[in-house]
Amino acid sequence: MTDLIKLTRDPDDAPGGYAKVFAFLREQLLSGALKTGDRLLPERDLSALLGVGRPVLREALRALAMLGAVEIRHGVGTIVRQPDASTLGEFFTFALAQQSDAIDDVMEARIAIECQAVRLACRRATLADFERIRAALQRIEATIDDPVAGGEADFDFHNGIVQAARSETLRSVYAAISDLVHRSHRGRRELILKVPGIRSFLIDHHHRIFEALVARDVQRSDELLRRHFEIGDEYRRKAFETTPRPQG
């Protein structure tokens with residue numbers, strides 16, 4: 001371990017000392033020197049190795065624990081963990097909460113993720129993936145008049161595509177924005193159910209996407225999904241146009 005990194009002590013321990021701990025763990029994880037389940041050096045040894053004071057080290061490790069990167073076990077030490085993407089999701093939710101167009105911004109990211117995911121899913125999806133997506137499709141039909149349950153079923157359908165892509169990076173990024181995507185599904189459902197023709201579109205178009213996916217038709221799946229988002233946005237604009245504005 002001592003040959004892996006050589007750093008000099010910061011006189012004041014901050015802010016460089018705090019950053020050193022993060023940089024060290026990141027580098028060791030990326031290089032494969034540390035893996036999930038490994039235990040870090042004892043606090044005293046790690047502090048000396050990194051050239052930072054123990055208070056700074058403890059503060060940095062607590063921050064890493066909050067991110068889910070490590071787990072501090074009293075009497076055992078600090079254990080490297082597989083970070084939970086939901087923690088990142090909470091960060092995204094807080095970071096974007098003050099942004100007026102947060103949902104639209106997330107929607108753009110969602111389109112990029114899902115269109116790549118559906119292409120990968122055409123090649124990698126298993127029978128279990130197809131069954132999971134089919135079940136969500138059946139729920140979309142059964143809950144078509146319920147904005148909450150229908151929005152949840154819609155999310156499960158699209159999330160099923162992302163899971164079927166078998167890409168850990170896409171899964172993690174999608175999980176990170178999943179809370180905002182859930183909100184988007186519910187909000188859009190409540191709005192667009194007022195527009196004539198939306199129910200048949202929601203059922204029919206999801207069926208078409210599923211059929212193209214089962215046929216493993218990469219190009220058609222991608223085209224249908226992109227068109228799905230475009231038409232959905234058109235219905236949303238129509239709903240805004242027909243929604244009465246408050247007087248006064």
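In this predicted model, a polar contact of 3.1 Å joins the side chains of His206 and Asp154. His206 belongs to helix 10, which spans residues 198-214, and it counts as buried because its relative accessibility is 0%. Beyond residues up to four places away in sequence, His206 touches Leu137, Ile140, Asp154, Phe157, His158, Phe201 and His228.

One of those partners, Phe157, leads on to the nonpolar interior. The largest nonpolar core holds 35 residues, and Phe157, Ile161 and Leu213 are the ones that touch the most other members. At least two residues of this core come from each of helix 5 (102-124), helix 6, helix 7 (147-164), helix 8 (168-176), helix 9 (178-192), helix 10 and helix 11 (218-242), with helix 5 giving the most, nine residues. Ile161, when its neighbours within four places in sequence are left aside, is in contact with Glu114, Ala117, Val118, Ala121, Ile133, Ile209 and Leu213. Apart from this core lies another, of 16 residues, which includes Val21, Val52, Val70 and Val80. In soluble globular proteins, nonpolar side chains tend to be buried together.

Charged side chains add a further layer to the picture, with a count of 19 salt bridges. Glu114, already met as a contact of Ile161, forms a salt bridge with Arg110 at 2.6 Å, N to O, and the two lie four residues apart in helix 5, about one turn of the helix. Arg110 counts as buried because its relative accessibility is 4%, and Glu114 is likewise buried, at 0%. In helix 11, Arg226 and Asp222 are also four residues apart, and therefore separated by about one helical turn; the closest N and O atoms of their salt bridge are 3.0 Å apart. Here Arg226 is partly exposed, with a relative accessible area of 41%, whereas Asp222 is buried at 9%. Salt bridges that share partners also join Glu43, Arg54 and Arg58 into one network. Glu71 and Arg73 form another salt bridge, their closest N and O atoms being 3.4 Å apart; Glu71 is partly exposed at 30%, and Arg73 is partly exposed at 38%.

How far these details can be read depends on confidence in the model. The protein chain averages a pLDDT of 83, and 81% of the residues score at least 70. Confidence is highest in helix 6 (residues 127-142), at a mean of 97, and lowest in helix 4 (residues 85-96), at 62. Over residues 1-14 the pLDDT is below 50, although this stretch has 29 contacts in the model beyond near neighbours in sequence.

Definitions and conventions
Residues numbered from 1 in each chain as written. Predicted model: local features only at pLDDT ≥ 70, side-chain atom pairs only at ≥ 80, totals over all residues. Heavy atoms only, no water. Buried < 20%, exposed > 50% of the residue type's maximum accessible area, 1.4 Å probe, protein only. Polar contact = N/O pair within 3.5 Å; in protein donor to acceptor, adjacent residues only side chain to side chain. Contact = heavy atoms within 4.5 Å. pLDDT = per-residue confidence, 0-100. Core = buried A, V, L, I, M, F, W, Y, C linked by side-chain atoms within 4.5 Å. Salt bridge = Lys/Arg side-chain N within 4 Å of Asp/Glu carboxyl O.
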